[in-house]
Amino acid sequence: MKSHAKAVVIGGGVVGCSVLYHLAKAGWTDVMLIERSELTSGSSWHAAGGFHTLNGDPNVAKLQAYTVQLYKELEEISGQSCSLHLTGGVMLADTPERMDFLRLAHAKGRYLSMDTELITPSEAKAMFPLMDETNFVGAMWDPVEGHLDPSGTTHAYAKAAKTLGAEIVLRNPVIELAQEADGTWNVVTKNGTVKAEHVVNCGGLWAREVGRMVGVELPLLAMEHMYLLTEPMPEVEEFNARTGREMVGVLDFKGEIYTRQERNGVLLGTYEKACKPWSPVNTPWDFGHELLQPDLDRIAPSLEIGFKHFPGIEKAGIKQIINGPFTFAPDGNPLVGPVQGLTNFWCACAVMAGFSQGGGVGLALSNWMVNGDPGFDVWGMDVARFGEWASLRYTNAKVRENYSRRFSIRFPNEELPAARPAQTTPLYDVMVRDNKAVMGDSWGLETPLWFAPKGTEAKDVVSFHRSNDFEHIGAEVRATRERVGVTEIANFAKYEVAGTGAEEFLNRLMTNRMPKTGRIVLTPMLNEFGKLIGDFTIAKADDDRFMVWGSSAAQKYHMRWFEKHLPNDRSVRIIRFDQTLVGLSIAGPRSRDLLQKLVDVDVSNAAFKFMDFREMAVAGAPCMVNRISYTGDLGYEIWMEPAYQRLVYEAIKREGAEFGIVDFGMRALLSMRLEKNFPTWFRELRPIYGPFEGAMDRFIKLEKNDFIGREAAAKEQADGSKLRRVSFTVDALDADVTGDEPIWAKVNGQDFGTVGEPHGYGAPRFDADGKDVRGSQAATDASAVRGIHDGEWSVVGWVTSGGYAHFVEKSMAQGYVPAALSEDASDGMFEIEILGHRRPARIAVEPPFDPLGEKMRG
Ligand SMILES: Cc1cc2nc3c(=O)[nH]c(=O)nc-3n(C[C@H](O)[C@H](O)[C@H](O)COP(=O)(O)OP(=O)(O)OC[C@H]3O[C@@H](n4cnc5c(N)ncnc54)[C@H](O)[C@@H]3O)c2cc1C
């Protein structure tokens, strides 16, 4: 065993081997994988080996597509067969709601260049004859699905990595990790210590234990999972003989079941409701190649549905039941990337679908380690997406919830109940008990979504269509716009950046100039590639002291970036307040009159202007007040310590009564931002878009100084962006966009090269030989070929978010279209596909509400 390596990968399951291969392929050949036992000694060896591309997050779907396309390359390099069976698969919907879900998934596929197709139950039966089609209302066909040999595939990665120079050490557990002052990791193993610049945790079933070696509790949990294998079935043999091919894979939402052909019989697995965590606190180190005791009673309810839906299977004898553990994060997606607070400690764990995702995870992580950027939008699997609230017990509750609804539909307005409430503000009981708020989870914090008036139930009716909250949100919006409203904004990220180097630090990170004392600016933040990685409100509170507000969900993501760029001379200190600073926002034409009643200073328009910041006592409580509002109306954000929040809220309600004050929730706030064309972080603004594509031009001051990403942004501006963010009004019926819908335009076959490559700079693209041709002419040509056309109409872009703008009474959507089309506001030019129906849409160049911004400035 070598004593030094550029990087040590801990764990030889499919994920560790993929990471090793990708690191070596990216040029880091001085890399080493250390495995406790033999390769595949965790969950990899007993996997059912199924793979597919579909994922609720389009960016994760892209990485899954990459994984599937990689297997041929792996077989060629390694000479090891993966036993690939690319059969294709069908998803079966038994209710109209589940069919709506498939329509949505199919529509998303249009801009992801996925070849899915909506089919009838009878057409599905022709591919999987064991089903009773009368149980279903429709189905979706996906050609890129199949199964493989899990062990062969893991060894193929390992052999390919070794071919490129990587080293693999077996039967040698890593027992300790310690970092020296210069950042070098001592990887202490049973057989000696290896010094490494980087360590990657691919510990699979033991990833939690490996995390604990560096003081990190990773939010993941192993669950027991069962699948059964039947004896040979004559129906299967007959189908194979008749068609000359294998039966397709099937996914049945109702039973949470997947099934497919395995030899001459079938394999059927379920995600049962009565699911069972395995080793919830500590994973035993002596666990290895054994299986767990099967428990047919636990999966009996799912099997009952399965046997009804697939009567052919019930008749077959069960040959074997496999029960094995594998790990999940609270939302079911992997945990990938550098761990905030540590240097050069990476993880690639909680990969619950290693054979769909392992390749993409390896590629993204190796890009990140070698180039400093994952090269894709990996937010959906970034380890930074979970906060401190994602504790062992939180994870246990959430993983069980996620497992038991693995194939269930998540409606756009559906809030999941497990592990809640986690964090609450002092107003929680007032909101829920007195105000009848329907609460949502905002990065672990309970946040009011909307308020149920007297006589109505405070509960969401989940739906893809407009629902029971519609009229109440409308009332909250109208009352705010016409009078005044108050809402909780504790769910923003809040930081203080202070010290003699604070201004220089922020100027280096942000694209906008820093404000003068007492003033506020809005500013994006870019990475070195000139892509959007943040969007902040910054106030200069004092000499050398800035208050920074951003997206709550991105707190660890942003702290990781801030820490990476902190100067070594301790001239900058950053405090992340989280819930030690909470807030209330008042907005609407009477909000100034209300604020004036609560304070002892002059807050007239002359004394307290738009984009001013002041520290002042509000209702006697020490507060910071920003004259700014995401509603786009006259409004104020008021920030205070939690101990004062109730006092300030009660005063606002008491003094606001004479103006007819209402409470409004997050949904009303998001509705109001839509009619102002304001973007949101992680929907409109993401690390796949440039600042000019994102229509953030006025916040990019290329001339101010050499900020991170300036050169790339200047190039984007000089070359002209390919895409542009726009707002639309949509002639919707009873459903609004929710995000990821395709945008059609009447372009008579003209190709803009924007679809098929929607995720911009990093999306993988392969030529016929399996070569990665990202960014090349061949990639552009491939996109053109894969574009979706219908006569004069083509898919040219995609929706990022939208909904109903209640004050202007319009359905609205935001999204990206080719820059050349972004100012075409004519009728009949665009259509947006909502739940399978293409609806006319028009670009709203100016915001429909207060286009000149007179209300917020006045
Ligand atoms: C019954 C079942 C069916 C499944 N079906 C599918 C399917 O159809 N499709 C699919 O994609 N996925 C499936 N999976 C999930 C799949 O198995 C996992 O996604 C995958 O195995 C995760 O791989 P991994 O490399 O992250 O972890 P693991 O396979 O657990 O590998 C981790 C490795 O790290 C080693 N290790 C840990 N700690 C140390 C240490 N301190 N020192 C050295 N080595 C260490 C372990 O020995 C182990 O070999 C299934 C799983 C089960 C149990």
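1. Start with strands S1 (residues 4-10) and S2, which run parallel and are joined by four bridges. Strands here count as paired if DSSP finds at least two bridges between them, and both strands (E, at least two residues) and helices (H or I, at least four) are DSSP runs numbered from the N terminus. One pair to look for is Val8, which stands opposite Met32 in S2. To get from S1 to S2 the chain passes through helix H1 (residues 14-25), and this β-α-β crossover is right-handed. Right-handed means that, with the strands pointing away from the viewer, the path from the first strand over the helix to the second runs clockwise.

2. A word on what you are looking at: this is a predicted model, where local features need pLDDT of at least 70 and side-chain atom pairs count only at pLDDT 80 or more, while totals for chains, interfaces and linings use all residues. Residues are numbered from 1 along each chain as its sequence is written, and side-chain values use heavy atoms, with hydrogens and water left out.

3. Back to S2 (residues 31-34): Val31 and Leu33 point one way, Met32 and Ile34 the other, and all are buried. Buried is under 20% relative accessible area, exposed is over 50%, and partly exposed is in between (1.4 Å probe, protein chains only). In general, side chains of a regular strand alternate between the two faces of the sheet. S2 also runs parallel to strand S8 (residues 167-169), with three bridges joining them; there, Ile34 has Val169 as its bridge partner.

4. How do H1 and helix H2 (residues 58-78) pack? Their axes are 13 Å apart and make an angle of about 75°. Axes are lines fitted to C-alpha atoms, for helices over the stretch in contact, and angles run from 0 to 180 degrees between N-to-C directions. H1 and H2 are therefore roughly perpendicular, a label for 65 to 115 degrees (under 35 is roughly parallel, over 145 roughly antiparallel, the rest oblique). Tyr21, His22 and Lys25 of H1 make the contact with Tyr66, Leu70, Glu73, Leu74 and Ile77 of H2; contact means heavy atoms within 4.5 Å.

5. Two asparagines are worth a look. Asn201 lies in strand S11 (residues 192-201) and is buried, with a relative accessible area of 0%. Its side chain reaches the backbone oxygen of Ala207 at 3.0 Å. Leaving aside neighbours within four places in sequence, Asn201 has contacts including Ile10, Leu218, Phe345 and Trp346.

6. Asn282, in the loop between strand S16 (277-278) and helix H8 (296-309), is exposed, with a relative accessible area of 51%. Beyond neighbours within four places in sequence, Asn282 touches Arg208, Glu209 and Arg212. The side chains of Asn282 and Arg212 share a polar contact of 3.0 Å (a pair of N or O atoms within 3.5 Å; within protein, one must be able to donate a hydrogen and the other to accept it, and residues adjacent in sequence count only if both atoms are side-chain atoms).

7. Finally, an open sheet of five strands, ordered S24-S25-S26-S23-S27, has antiparallel pairing. Strand S24 (520-526) and strand S27 (573-576) are at the edges, each with a single partner strand, so one side of each has no neighbour in the sheet. The twist averages 30° from one strand to the next. Four bridges link strand S23 (residues 492-498) and S27, with Glu496 opposite Ile575.
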